[in-house]
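Colleague: Could you take a close look at one part of this model for me, the pocket that comes second in size, and then go through the salt bridges too?

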Amino acid sequence: MHTPVLAPSLLAGDHANLGTSARGVADLGLSWLHIAIMDGHFVPNLSFGPETVAALRRTGVKMFFDVHLMLDEPHRYIEPFAKAGANNISIHIEPAYDHVAALAHIRALGCQCGIVLNPGTPASAIEPLLDQVDLVLVMTVQPGFGGQPFRRDMLPKLQHLDALRRTHNYTWRLEVDGGIDLSNAAECHGAGADTFVAGTSFYKAADRAQFASGFAQLGR
């Protein structure tokens, strides 16, 4: 299993001071930043665009940018986000487009690629793509808004995907996003997850350093 990674979600940061919110993550020694991109169609909310990612890079933020495209037509925005400074670009399986071509395009632009499942989408929907990705993201809430409670009924999906990973010797990371905090992160880790997106729980933590340390302990 990969070393556990905490990827704080910028969506829960201070939108008037995104650079400060991002640097605060880096200052804790964390290497990943999750950037949720919403279009108001695939999910009922709007968030950031490629220029936000580019602006963060211009301010000197050097973390691994884990960009999650919650879009109806993610394939149309792969190149702008890659050029803006994304390191990983994850796309959803649910919209109708050429998923194989989109993943290949992400790779061709020098980024890692991921595939994402909403809570209501079975793991079988992405099984044909599991040999083509660097990351699999299981949503543990219905995407669109921060602060939702964690859905424990997603744990069997994590277990199933982890079993497939072990059986086929896949090397992708298994990520969870939605209502993640220290208590349920341990459950997710036990089910196979190794990459944890935390938004509200991270930015509202009384002691963010202690919060981050708790995730680092998951693999020990």
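Modeller: Sure, and one convention up front: Ala, Val, Leu, Ile, Met, Phe, Trp, Tyr, Cys and Pro count as nonpolar, Asp, Glu, Lys and Arg as charged, and the others, Gly among them, as polar. Keep in mind that this is a predicted model. The second largest pocket has a volume of about 160 Å³. It is lined by 13 residues, and those closest to its centre are Asp39, His41, Leu71, Asp72 and Tyr77. By class, the lining splits into seven nonpolar, two polar and four charged residues.

Now the salt bridges, of which the structure holds ten. In one of them Arg76 pairs with Glu73, with 2.9 Å between the closest N and O atoms. Arg76 is exposed, at 51% relative accessible area, and Glu73 is partly exposed, at 37%.

Another one links Asp162 to Arg165, the closest N and O atoms being 2.8 Å apart. These two sit three residues apart in helix 5 (residues 155-168), so about one helical turn separates them. Both Asp162 and Arg165 are buried.

Then there's Asp194 with Arg173, where the closest N and O atoms are 3.4 Å apart. Asp194 is in the loop between helix 6 (182-190) and strand 8 (195-198), while Arg173 belongs to strand 7 (residues 173-177), so this pair ties together parts that are 21 residues apart in sequence. Asp194 and Arg173 are buried as well. Through shared partners, salt bridges join Asp162, Arg165, Arg166, Arg173 and Asp194 into one network.

Note on methods:
Residues numbered from 1 in each chain as written. Predicted model: local features only at pLDDT ≥ 70, side-chain atom pairs only at ≥ 80, totals over all residues. Heavy atoms only, no water. 1 Å grid on protein atoms, 1.4 Å probe; cavity = no way out; pocket = protein on both sides within 12 Å on 5 of 7 lines; lining within 4 Å. Points joined across faces, edges and corners; volume = space filled by probe spheres on them. Salt bridge = Lys/Arg side-chain N within 4 Å of Asp/Glu carboxyl O. Buried < 20%, exposed > 50% of the residue type's maximum accessible area, 1.4 Å probe, protein only. Helix = DSSP H or I, 4+ residues; strand = E, 2+ residues; numbered from the N terminus.
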